Amino acid sequence: MNVDNTESQMRKGLLELCILGIIQRQKEAYPSDILEQLKGAKLVVLEGTLYPLLTRLKNAGMLSYRWEESISGPPRKYFTLTETGGKFYEQLRTTWDELSQAVNNLTVPLL
Amino acid sequence: MQRIIQINIAGRIIPIEEDAYIVLKDYLNALESSFAGEDGREEIIQDIENRIAELFTIRLQTGSPAIDRSDAQKVIDTLGPASELHGNASGNTNNANTGNSYQRGNAYSGYSSQQQNYQRNQPPPFNYTHDRLLRNPYDKMIGGVCSGIAHYFGIDPMIIRLLAVISFLTFGVGFVAYIIAWIVIPAARTREELYNTNGGSPVTFHDITRNVGEELTDLKRRGEAMSRELRDFFSKKK
């Protein structure tokens with residue numbers, strides 16, 4: 001057992017929820033923008049881990065995207081939640097609320 | 001001294017030093033094999049290339065004339081080693097319960113089965129194909145066959161050349177063999193290929209016809225150069 005590994009597993013587990021959350025909140029987001037926020041929150045260390053997730057979520061019908069040209073670099077993929085993705089997100093979000101509540105209750109020191 | 005080449009990555013033209021290019025190419029090859037067997041492989045790699053292009057563009061905007069090796073390495077470190085990027089969202093294989101949470105809604109059951117697929121698909125080990133037999137166009141007397149063979153076996157080209165000359169003199173068997181080898185063995189085209197980091201593809205008929213064409217023009221040019229040298233040599237003597 002080591003702490004780093006357990007911590008990284010916890011983060012990994014929440015990554016989908018956070019990606020969907022970022023996209024939902026902004027209505028539309030492109031990968032580098034999502035990355036910046038995830039890195040800011042220390043949820044992602046290696047940038048490359050985001051891309052397989054996005055593609056899997058898209059192929060599972062959770063996300064759709066459109067291309068948009070960018071002045072400063074290569075064209076960007078703007079992702080939005082599909083209807084299925086929205087429901088999926090709501091469900092994960094509920095689970096997270098319950099979980100974090102439960103974890104807090106279980107781990108808070110007894111008075 | 002470094003040669004700068006232009007590469008097209010995600011539709012952007014990026015000037016890059018040659019050894020940085022080799023580092024980058026290796027990384028992309030490693031990604032290819034790391035995501036082998038994954039449905040969205042091409043798309044994932046394309047997205048990553050896009051990000052690389054973006055990071056390179058940012059680097060070039062800060063006034064760097066070309067991407068050098070340390071720039072490329074920095075970008076690769078930011079993205080992460082190829083072997084660590086394939087992992088699925090729910091982590092590793094020992095949490096067998098992860099699938100269940102997705103199965104509550106019927107709509108997501110497809111997704112959960114896909115998730116299990118990802119867990120089964122272990123990334124294949126990196127495999128770089130071994131040295132392939134190529135003619136060396138930068139070290140040649142006639143067609144580069146001998147130096148290519150010598151490189152392949154890791155011995156001094158002079159030894160192979162000597163053997164070749166001996167076999168030429170014995171009934172000309174070696175001569176015929178040499179011509180065939182010259183036609184069939186493709187020339188190494190880039191420095192990278194000379195170092196053989198690139199996987200070998202089988203020689204196609206198209207390659208062979210192209211080889212012959214290129215070699216004949218090259219031989220003609222070399223013949224002319226040689227006769228000019230000889231002329232100079234004799235005219236000096238007079």
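What percentage of the contacts in chain A between residues at least 6 apart in sequence join residues at least 24 apart? The share is 45%. The legends below describe views of a predicted model.

**Figure 1. Overview of chain A, with 4 helices and 2 strands.** Along the sequence, the elements of chain A follow the order α-α-α-β-β-α. Of the 111 residues in chain A, 39% are buried. The exposed surface of chain A amounts to about 6400 Å², and carbon and sulfur atoms supply 57% of that area.

**Figure 2. Overview of chain B, with 10 helices and 2 strands.** The sequence of chain B runs through the pattern β-β-α-α-α-α-α-α-α-α-α-α. Buried residues account for 38% of the 238 residues in chain B. Among contacts in chain B with a separation of 6 or more, 60% are between residues 24 or more positions apart. Chain B has an accessible surface of about 14200 Å², and 59% of this area belongs to carbon and sulfur atoms.

**Figure 3. Helix α3 of chain A and its surroundings.** In α3(A), 9 of the 10 residues are buried, so the helix is largely enclosed by the rest of the structure. The buried residues are Leu50(A), Tyr51(A), Pro52(A), Leu53(A), Leu54(A), Thr55(A), Arg56(A), Leu57(A) and Lys58(A). Lys58(A), which is located in this helix, has a relative accessible area of 17% and is therefore classed as buried, the cut-off being under 20%. Leaving aside residues up to four places away in sequence, Lys58(A) touches Leu63(A), Tyr65(A) and Glu43(B). After α3(A) comes Gly61(A), with a positive phi near 85°.

**Figure 4. The salt bridge between Glu38(B) and Arg56(A).** The closest N and O atoms of this pair are 2.9 Å apart. Glu38(B) belongs to the loop between α1 (18–34) and α2 (41–61) of chain B, whereas Arg56(A) belongs to helix α3 (residues 50–59) of chain A, so the salt bridge joins two chains. Both partners are buried: Glu38(B) has a relative accessible area of 12%, and Arg56(A) has a relative accessibility of 3%. Side chains of opposite charge can pair when their charged atoms come close. Over all chains, the whole structure contains 14 salt bridges.

**Figure 5. The salt bridge between Glu54(B) and Arg51(B), and the network to which both belong.** The side chains of Glu54(B) and Arg51(B) meet at an N to O distance of 2.7 Å. These residues are 3 positions apart in helix α2 of chain B, and about one helical turn therefore separates them. An α-helix has 3.6 residues a turn, so residues three or four places apart point the same way. Glu54(B) and Arg51(B) are both buried. A network of salt bridges links these two residues with Lys39(A) and Glu47(A).

**Figure 6. The salt bridge between Arg59(B) and Asp71(B).** In this pair, the closest N and O atoms are 2.8 Å apart. The salt bridge links distant parts of the chain, with Arg59(B) in helix α2 of chain B and Asp71(B) in helix α3 (residues 69–79) of chain B, 12 residues apart. Arg59(B) is partly exposed, at 33% relative accessible area, whereas Asp71(B) is buried, at 4%.

**Figure 7. Helix α7 of chain B, residues 157–169.** This helix has 13 residues and spans 18 Å from its first C-alpha to its last, close to the 18 Å expected at 1.5 Å a residue. Ile160(B), Arg161(B) and Ala164(B) are buried in α7(B). Viewed down the axis of α7(B), the buried residues fall within an arc of 100°, so they line one face of the helix. The cover over the buried residues of α7(B) includes α6 (145–153) of chain B. On the face turned away from the buried side, α7(B) carries the exposed residues Leu162(B), Leu163(B) and Leu169(B).

**Figure 8. The two ends of helix α7 of chain B.** At the start of α7(B), a side-chain oxygen of Asp156(B) comes within 2.7 Å of the backbone nitrogen of Met158(B). Following α7(B) is Phe171(B), with a positive phi near 60°.

Technical notes. Residues numbered from 1 in each chain as written. Chains lettered and ligands numbered in written order. Predicted model: local features only at pLDDT ≥ 70, side-chain atom pairs only at ≥ 80, totals over all residues. Heavy atoms only, no water. Expected span 1.5 Å × (residues − 1). Buried < 20%, exposed > 50% of the residue type's maximum accessible area, 1.4 Å probe, protein only. Arc of directions from axis to C-beta. Contact = heavy atoms within 4.5 Å. Polar contact = N/O pair within 3.5 Å; in protein donor to acceptor, adjacent residues only side chain to side chain. Salt bridge = Lys/Arg side-chain N within 4 Å of Asp/Glu carboxyl O. Areas by Shrake-Rupley, 256 points an atom, 1.4 Å probe, with all protein chains shown as cover.
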